[in-house]
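Dear colleague,

I am passing this structure on to you, and below it you will find what came out of going through it. Please read the notes with the structure open beside them.

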Number of protein chains: 2
Amino acid sequence: MTTRAVSETQAEENQPEFDVFARRCPSRQTMEAVTGRWGVLVIAGLHAGSMRFSELRRRVDGVSEKMLSQTLHTLERDGLVNRVAPAGFPSRVDYSLTPLGSRVAAELVDLIELLEGSMPDIMAARERYDRERA
Amino acid sequence: MTTRAVSETQAEENQPEFDVFARRCPSRQTMEAVTGRWGVLVIAGLHAGSMRFSELRRRVDGVSEKMLSQTLHTLERDGLVNRVAPAGFPSRVDYSLTPLGSRVAAELVDLIELLEGSMPDIMAARERYDRERA
DNA sequence: CGGTATCCTATTAGATACTG
DNA sequence: CAGTATCTAATAGGATACCG
């Protein structure tokens, strides 16, 4: 039955399986970049359209320049965000989502809407939980 | 006239708008619990079905007992996870998703599949990025 | 305007030991 | 088995100052 085994092996070599549940899988780093404290908000924020650094900073309430810059670099590196800096003064840089970034953003927006819409239930659950162990 | 205006105002008061982009909105804490380093993996892991503490720990490769315990408590508090501990020895505790937790899990699974399936592109993007500034 | 560099603190996470 | 408690290490994050 070696034929079958060989073709499976080749398939695995051509398309290695990625698994976020595995500690050393590269997909986990990307997942952490996407779902990190600021990653979600930056990606979802850009889903509304191209935005400048300072616009994005106002949109993502509470993010520091440092963290916004760092988050954008990581997302750009993974091919989720485009950075376009037309020459000129005053300097101006536009950030936007790549096609892949847009697909990720769509998922995140769904999640955001689900959570925002469920907040009454969630807050009730919290109160119940806290009351039970008070 | 006023009747309409009043009922709209009441509707807003009864259902305040939650916005993750706002720093002090409670939805942001929930978002951080859900999309935190271990939150995603715990919720998505439980999407396969009810699981015991140690099973879940094996499934979520790399999580420590402490972090798994902490993550589960937070998710239970927000009403996403159920904890059932039937009396007996040896002790046994089953964790499962609530209906809301299942809906969140479905979104996360979509995101995971999207990212895992895009890893070849993502890794190519990373190499390009790194090469360009080397 | 759009960042980077530095320094310092707070939070998170891991290792280890222990318990019902 | 399913945790908790404690201590330490690593990392994320914020404040400030400065640059092209």
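Over all chains, the structure, which is a predicted model, holds zero aromatic pairs. Aromatic rings nevertheless appear in another kind of arrangement, with a charge placed over the ring: in chain A, R133(A) lies over the face of Y129(A), at 3.8 Å from the ring centre, and in chain B the charged end of R133(B) sits over the ring of Y129(B), 3.8 Å from its centre.

Turning to the helices, I would begin with α6 of chain A and α6 of chain B, each made up of residues 99-132, whose axes come within 10 Å and cross at roughly 165 degrees. Since an angle over 145 degrees counts as roughly antiparallel, α6(A) and α6(B) are therefore roughly antiparallel to each other, and the crossing in which α6(A) passes α6(B) is left-handed. On the side of α6(A), the residues that make this contact include L100(A), V104(A), L108(A), L111(A), L114(A), L115(A) and I122(A), together with R103(A), E107(A) and D110(A); on the side of α6(B), among them are L100(B), R103(B), V104(B), E107(B), S118(B) and I122(B). Sorted by class, the contact of α6(A) with α6(B) has 14 nonpolar, two polar and six charged residues.

Helix α6(A) also packs against helix α5 of chain B (residues 65-77), at an angle of about 115 degrees and with the two axes 8 Å apart, which makes α6(A) roughly perpendicular to α5(B). Here I122(A), A125(A), R126(A), Y129(A) and D130(A) in α6(A) meet H73(B), E76(B) and R77(B) in α5(B), and the residues of this contact divide into three nonpolar, one polar and four charged. You will notice that Y129(A), the ring that has R133(A) over its face, is one of the residues of α6(A) that meet α5(B).

Within chain A, helix α3 (residues 39-46) and helix α5 (residues 65-77) pack at an angle of about 75 degrees, with their axes 10 Å apart, and α3(A) and α5(A) are therefore roughly perpendicular to each other. The contact is made by G39(A), V42(A) and I43(A) of α3(A) and by L68(A), T71(A), L72(A) and L75(A) of α5(A); by class it has five nonpolar and two polar residues, and no charged residues.

Finally, a point about the backbone: the peptide bond from F89(A) to P90(A) is cis, with omega near 0 degrees, and P90(A) has its place in the loop between β2 (81-84) and β3 (94-97) of chain A. In chain B, a cis peptide bond joins F89(B) and P90(B), with omega about 0 degrees, and P90(B) lies in the loop between β2 (81-84) and β3 (94-97) of that chain.

With best regards

Technical notes
Residues numbered from 1 in each chain as written. Chains lettered and ligands numbered in written order. Predicted model: local features only at pLDDT ≥ 70, side-chain atom pairs only at ≥ 80, totals over all residues. Heavy atoms only, no water. Phe/Tyr/Trp six-rings, centres within 6.5 Å; stacked < 30°, edge-to-face > 60°. Lys NZ or Arg CZ within 6 Å of the ring centre and 35° of its normal. Axes fitted to C-alpha atoms, helices over the stretch in contact; angles between N-to-C directions. Helix = DSSP H or I, 4+ residues; strand = E, 2+ residues; numbered from the N terminus. Parallel < 35°, antiparallel > 145°, perpendicular 65-115°, else oblique. Left-handed = near helix turned anticlockwise from the far one by under 90°. Contact = heavy atoms within 4.5 Å. Nonpolar A, V, L, I, M, F, W, Y, C, P; charged D, E, K, R; others polar.
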